[in-house]
Amino acid sequence: MFTTTKAFSGFSVDDIDAARKFYGETLGLRVSEQNGLLTLHITGDRDILVYPKPDHTPATYTILNFPVDDIEAAVDELTRRGVRFERYDHLEADDKGIFRGGGPLIAWFTDPAGNILSVLQESA
């Protein structure tokens, strides 16, 4: 039934204007808006719907992962753009916020609504 349907994901935020600025300006994604909803246009023709929710609760898991070729450069550039990287008690990160304890190199950060995102380098 769904083998030919172009599915897409979505998540909520508490402030569409802040989300538009963060995803469009800070992260540099192509963003469109229609009927009070944002669409993030990412590579691979995978649109993501961002919708307002007054009683929004941030996701407690990573909602978007951005693979990068050079995590050091990505973290440095995002830091320059005002992004603050998260640190979790159970995952020891380096001074930049990059976790190097197994699996891909990864650094987590949040959007203005508190949703968790990451940049990750799949191969070192």
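How many aromatic pairs does a search of the whole structure find? I ran the search over this predicted model and obtained six aromatic pairs.

**Entry 1: confidence.** I looked up the confidence before reading any geometry. The protein averages a pLDDT of 92, and 99% of the residues score at least 70. I then compared the elements by mean pLDDT: H1 has the highest value, 97, and strand E4 (residues 46-52) the lowest, 94.

**Entry 2: the rings around Phe-22.** I began with Phe-22 and Tyr-23, which form an edge-to-face pair. I noted a distance of 5.1 Å from centre to centre and an angle of 90° between the planes. I next asked whether these two residues are buried or exposed. Phe-22 has a relative accessible area of 9%, so I entered Phe-22 as buried, the cut-off being under 20%. Tyr-23 is also buried, at 0% relative accessibility.

I then turned to the pair of Phe-22 with Phe-109. The ring centres are 6.5 Å apart and the planes stand at 50°; I recorded this pair as tilted because that class takes the angles that are neither under 30 nor over 60 degrees. Phe-22 belongs to helix H1 (residues 16-26) and Phe-109 to strand E6 (residues 105-110), so the contact ties together parts that lie 87 residues apart in sequence. I found both Phe-22 and Phe-109 buried.

I also looked up the grouping of the rings. Phe-11, Phe-22, Tyr-23, Phe-85 and Phe-109 make up one aromatic cluster.

**Entry 3: the sheet that holds E6.** Since Phe-109 lies in E6, I followed that strand into its sheet. I found an open sheet of three strands, ordered E5-E7-E6, with mixed pairing. Which strands stand at the edges? I identified them as E5 (62-67) and E6; each has a single partner strand, so one side of each is left without a neighbour in the sheet. Neighbouring strands here are turned against each other by 25° on average, with direction ignored.

I examined the pairing of E6 with E7 (residues 116-121) in turn. The two strands run antiparallel and are joined by six bridges. Within this pairing I noted Ile-106 opposite Leu-120 of E7.

**Entry 4: the annotated range.** I consulted UniProt last. Its unreviewed entry carries the annotation "domain: VOC" for residues 5-122. For residues 5-122 I recorded 18% helix and 35% strand, with the end C-alpha atoms 29 Å apart.

Methods
Residues numbered from 1 in each chain as written. Predicted model: local features only at pLDDT ≥ 70, side-chain atom pairs only at ≥ 80, totals over all residues. Heavy atoms only, no water. Buried < 20%, exposed > 50% of the residue type's maximum accessible area, 1.4 Å probe, protein only. Helix = DSSP H or I, 4+ residues; strand = E, 2+ residues; numbered from the N terminus. Pairing = 2+ DSSP bridges. Axes fitted to C-alpha atoms, helices over the stretch in contact; angles between N-to-C directions. UniProt positions renumbered as here; feature names shortened; annotations may be inferred. pLDDT = per-residue confidence, 0-100.
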